[in-house]
Amino acid sequence: MRPKVINLERNSIAGLIALCLTLLLSTGDAVADVVTPEVPMGRGAQCVEPIEIMRRDHFEFIKHQRDQTVYHGIRGSKHSLAGCIDCHASKGTEGEFLPINAEGQFCQTCHTYAAVKIDCFTCHATVPD
Amino acid sequence: MSCKPMKKDESVPLAQHRRTFFTQAAAGVSLMALAPGVRLVELAMANSEDSLPSNDKRWGLLVDTAKCESGCDECVSACNSEHGLSGHGRPETDAQWIRKVDLKDEQTGHELSIPILCQHCEDPPCVDVCPTGASFRRADGIVLVDKHICIGCRYCMMACPFQARSFIHEDLTGQKTHSPRGKGIVESCTLCVHRIDEDQEPACVEACREAGHDALVFGDLEDAAGPLASLSRKTATRELRPDLKLNTGVRYTSF
């Protein structure tokens, strides 16, 4: 009787280890396959800063720029929101600009993915002039 | 070992630390002085430093009431289209940055039609009462709202003796790039600051000239040779509500 029980325990421990390994490996696969948003790219070859920096710090740039514009009248410099929209607004089927905060457009795609609400466009224009 | 807190170098007395710091700081300062024009922190700007607003200028407007025609509202429509102002057919609450007012002297029957807009005061009551600092006066005298920090409390609207400010009650779409506007924010005449920054005159002034009235003269009150200051020197001008001693940037003549 006793040896049988031991065998069962051994089997179940081996099964547990196998299960853990499987879980671990499948988790690793999931990380590699993480779904990233498909963002429509802008016009021009290069953004005003390297992409990695823009992804992380774009709000710092435009937040600094907004004060420069409001208080010092510095307009059209490289971190202006109007500049972002000029390059990143896509056109629809009839050649009209699509609002940059519309579903699937440049700003909105990432912000939906990151679950961050954009407040810029309650006031700011969403298409180039 | 690595968890140990960082130890001060006990062999160097504290005073010497301080001395080293001051020596290095002094070296830094002299280095900055040795290289004029080279700034440690570059200002992020596309325009040159010369174009920054400064209190060497004070932008203003002179309204010649003799030339301002009753029934003409070219300035109002120019303002509306420049800034994308559109109403909902509710004059009580629709945004209005400039309006025409008809006045009549009941004693003599003399009639007058004048535009009223933000008077760009030197001591603006709207700035005094703003709890967040959103209402401010730019260095060159233009009174503005920093809409990023306006909370829509409307104290400024109550404080303004000219009823020059509007509150936006509804969601807006289709704003102009140069004139961001939105719900829950107070706004008023910016003296077309976006045009001034590009050496152009305000839209209302341009429209008035194009309509052939030329009743609005825009310029720098500090520039003695400029059109506004020289005209103001030659003609009697007055401000609205002079009793409040606001020293307005917008002045009126011929009445």
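# A tour starting at B:Val205

Setting aside neighbours within four places in sequence, B:Val205 is in contact with B:Leu216 and B:Phe218; being in contact here means that the C-beta atoms, placed from the backbone, lie within 7 Å. This is a predicted model, where local features need pLDDT of at least 70 and side-chain atom pairs count only at pLDDT 80 or more, while totals for chains, interfaces and linings use all residues. Residues are numbered from 1 along each chain as its sequence is written, and chains are lettered from A and ligands numbered from 1 in the order in which they are written.

Where does B:Val205 sit? Its home is helix α6 (residues 203–210) of chain B. Helices (H or I, at least four residues) and strands (E, at least two) are DSSP runs, numbered from the N terminus. B:Val205 counts as buried because 22 C-beta neighbours lie inside 10 Å. The rule is 20 or more other C-beta atoms within 10 Å of a residue's own for buried, 12 or fewer for exposed, and partly exposed in between, with C-beta atoms placed from the backbone. From B:Val205 to B:Arg58 you travel 147 residues in sequence, but 17 Å in space, C-alpha to C-alpha.

Now follow the link to B:Leu216. Besides B:Val205, and again leaving aside neighbours within four places in sequence, B:Leu216 is in contact with B:Leu61, B:Val63, B:Cys75, B:Cys204 and B:Cys208.

B:Leu216 also turns up in the largest nonpolar core, which has 47 residues. A nonpolar core is a set of buried Ala, Val, Leu, Ile, Met, Phe, Trp, Tyr and Cys residues joined through C-beta atoms within 7 Å. B:Val63, B:Cys75, B:Cys79, B:Cys204 and B:Leu216 are the members with the most contacts inside this core. At least two residues each come from β1, α2, β5 (143–145), α5, α6, β8 and β10 of chain B, and α6(B) gives the most, with five. There's a second, separate core too: ten residues, including A:Leu81, A:Ala89, A:Phe106 and A:Ala125.

Next up is a sheet in chain B. Four strands form an open sheet in the order β8-β1-β10-β9, with mixed pairing; strands pair if DSSP finds at least two bridges between them. β8 (216–220) and β9 (237–238) of chain B stand at the edges with a single partner strand each, so each has one side without a neighbour in the sheet. Despite that open side, β8(B) is largely enclosed by the rest of the structure, because four of its five residues are buried.

In the antiparallel sense, β1(B) and β8(B) pair over five bridges, and B:Leu62 stands opposite B:Val217 in β8(B). Strand β1 (residues 59–64) of chain B also pairs with strand β10 (residues 250–253) of chain B, this time in the parallel sense over four bridges. There, B:Leu61 stands opposite B:Val250 in β10(B).

Which residues of helix α2 (residues 74–83) of chain B are buried? They are B:Glu74, B:Cys75, B:Ala78, B:Cys79, B:Glu82 and B:His83. Looking down the axis of α2(B), the buried residues fall within an arc of 140°, so they line one face of the helix; the arc is that of the directions from the helix axis to the C-beta atoms. Their packing partners in chain B are β2 (98–104), β3 (111–117), α6 and β8.

Here are some chain B residues with a positive phi.

| Residue | Phi | Place |
|---|---|---|
| B:Gly84 | about 65° | just after α2(B) |
| B:Gln163 | about 50° | loop between α4 (155–159) and β6 (166–167) of chain B |
| B:Cys192 | near 50° | loop between β7 (186–187) and α5 (193–196) of chain B |

B:Gln163 is not a glycine, and neither is B:Cys192. B:Gln163 is exposed, since 12 other C-beta atoms lie within 10 Å, whereas B:Cys192 counts as buried because of its 26 C-beta neighbours inside 10 Å.

And chain A? Chain A has four helices and zero strands, giving the pattern α-α-α-α along the sequence. Of its 129 residues, 16% are buried. Among contacts in chain A with a separation of 6 or more, 48% join residues 24 or more positions apart.

Finally, the two chains touch. The contact takes 19 residues from chain A and 21 residues from chain B. On the side of chain A that touches chain B, helix α2 (residues 51–72) of chain A supplies the largest share, six residues. By class, that side of chain A has six nonpolar, nine polar and four charged residues. Ala, Val, Leu, Ile, Met, Phe, Trp, Tyr, Cys and Pro count as nonpolar, Asp, Glu, Lys and Arg as charged, and the others, Gly among them, as polar.

Terms used. Two residues are in contact if their C-beta atoms, placed from the backbone, lie within 7 Å.
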